[in-house]
Structure formats: C-alpha cells, structure tokens
Amino acid sequence: MEATDKLRFDKTDFSVTKLIAAGATALTAILAIGTSLGAWISGEALEVELPASSAMQYDPTVPGVVLTTGSTMMARFENPDAGLWLASMAPSLVLVALMAVATWLLWRVLDSVQADQPFTAATVNRMRALSYVVSIGAIVHQAVVGLVSGHLTSRATGETVLFQVSFDVGFIAIVVGGAMLAALAEAFRRGIRLEADAEGLV
C-alpha cells in the first residue's frame, strides 16, 4: 500500500488557494473602490488622509475644505467634483488591477503544478511575470500614490504640490518579495535544464 504524502497539495488545497487569492482581490475592490463609488453617488463629502508633513506646512484657507491636523492631516472636501473622486480612487484602481493580474498568473502557475508539470518554460515565464507585477507594480502604485497625494494636497491647501509620499517597511518588503519570486523563477528554469539533462542520460 502506497504511503500518503501528508505535505502534498490535493485538489482541495489548490482550489482553496485559488479562492483565497481571488477573494482577496474581490474584497479589496469592494472595500477600496465600491465604498468610494457609493459615497460619490450618494453625494457625500470626500475625506482623504494626507501625509503628516502636510499638517505642518499649510493653513486651511481654501473655501469648501476642512483640514484637521494631528499626526496626519485629514482633508474634507464638502463639494468634491468628479476629478477629485477619480483622483482619490486612482491608487485603489491601480492596486486592484495589479492584484487581478497577479491572481491570474498565480492560478496558471498552480494549474501547472497541479498537473505535475511545474518545470516548463510557460511556468517560468509566468513566475517571472508575477515577480514583475509584484515588484515593479509596487513601485508604480507608490508613484501613483505620490502624484495623487500631491494633487489632493494642492486642492486642499491652494499650494502647488506635485508629489508627496512616504515610504514604509511594507513597500520595501513587497519589492523584496518580487525579487524573491524572480529568484524562484530562475531556480525553476535551472530545474528544467537539469530535467532535460537527466532525460538525455536515460
């Protein structure tokens, strides 16, 4: 009787992993975009959090804007236009798009692994693409956050601010995670070569 490998992913494990990835993307879309869309449609005021440095630089002099300062600065736009709403949602739209692409790539990689065909050129290419989406995507998202933050700060204070962002440990960790995925893809590529060499010896 063949012993069961308790560490082996079965069909349920693959399905649950896929559902978790898809569910995280869907939940992010609902919370980050759906909530803002609902507030926009219902005509609510737009409240955004701006970098802490803004609180020490500007005075609340723009009509229709309420600034609350503290460790961070909260800006409340009483009558936001479509441009403000779209700008405030831009980082979330970019994030959801990146997560959707990453989820699709992950699904394809899992399909290859489930079919016992992990060491293929297609899998390596998908893992490389996934590493690019994670690392380069994080940089793009951070750039969008900086541009949007600068725009919202300009609208809230009347001053011209082109770019304003603060980097945190989470951003660095994501970029490093993308680099690790690239290294894993290279390991798979070498696995393909070793597998081909082994077949040539048979």
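**Close-up views of a predicted model**

**View 1. Helix H3 and the largest pocket.** H3 contributes more residues to the lining of the largest pocket than any other element, with 8 residues. Keep in mind that this is a predicted model. The pocket has a volume of about 480 Å³, and 21 residues line it. To find its centre, look for Leu95, Leu98, Met99, Val134 and Ile174, the lining residues that lie nearest to it. Helix H3 (121–157) shares the lining with helix H1 (11–41), helix H2 (82–114) and helix H4 (169–201), each of which supplies at least two residues. What kinds of residues make up this lining? There are 14 nonpolar, 6 polar and 1 charged.

**View 2. The second largest pocket.** Here about 360 Å³ of space is lined by 16 residues. Glu49, Pro91, Val145, Val148 and Ser149 are the lining residues nearest the centre. Strand E1 (46–50), H2 and H3 are the elements that give two or more residues to this lining. Which element gives the most? Once again it is H3, with 5 residues. By type, the lining divides into 9 nonpolar, 6 polar and 1 charged.

**View 3. Strand E3, a strand with two faces.** In a regular strand, side chains alternate between the two faces of the sheet. You can follow this pattern along strand E3, which covers residues 73–77. Which of its side chains are buried? Met73, Ala75 and Phe77 point to one face and are buried, while Met74 and Arg76 point to the other face and are not. Now look across to the partner strand: E1 and E3 pair in the antiparallel sense over 5 bridges. Within this pair, Leu46 stands opposite Phe77.

**View 4. Phe77 and the largest nonpolar core.** Let us stay with Phe77 and see what surrounds it. Leaving out residues up to four places away in sequence, Phe77 touches Ala45, Leu46, Val48, Gly64, Val65, Leu84, Leu152, Arg155 and Ala156. Phe77 also belongs to the largest nonpolar core, which has 16 residues. Val48, Leu50, Ala75, Phe77 and Ala156 have the most contacts inside this core. Two or more residues come from each of E1, strand E2 (65–69), E3, H2 and H3. H3 gives the most to this core, with 4 residues. Apart from it lies another core, of 5 residues, including Val109, Val124, Met127 and Phe188.

**View 5. Gln142, a residue of helix H3.** Find Gln142 in helix H3. Is this residue buried or exposed? Gln142 counts as buried because its relative accessible area is 12%, and the cut-off for buried is under 20%. Not counting residues up to four places away in sequence, Gln142 touches Phe163, Val165, Ser166, Phe167 and Phe171.

**View 6. Trp107 and its contacts from elsewhere in the chain.** For the last view, turn to Trp107 in helix H2. With 32% relative accessibility, Trp107 counts as partly exposed. Which residues does Trp107 contact, leaving aside its neighbours within four places in sequence? They are Lys18, Ala21 and Ala22. Take a moment to compare sequence and structure here: Trp107 and Lys18 are 89 residues apart along the chain, and their C-alpha atoms are separated by 6.2 Å.

Conventions
Residues numbered from 1 in each chain as written. Predicted model: local features only at pLDDT ≥ 70, side-chain atom pairs only at ≥ 80, totals over all residues. Heavy atoms only, no water. 1 Å grid on protein atoms, 1.4 Å probe; cavity = no way out; pocket = protein on both sides within 12 Å on 5 of 7 lines; lining within 4 Å. Points joined across faces, edges and corners; volume = space filled by probe spheres on them. Nonpolar A, V, L, I, M, F, W, Y, C, P; charged D, E, K, R; others polar. Buried < 20%, exposed > 50% of the residue type's maximum accessible area, 1.4 Å probe, protein only. Contact = heavy atoms within 4.5 Å. Pairing = 2+ DSSP bridges. Core = buried A, V, L, I, M, F, W, Y, C linked by side-chain atoms within 4.5 Å.
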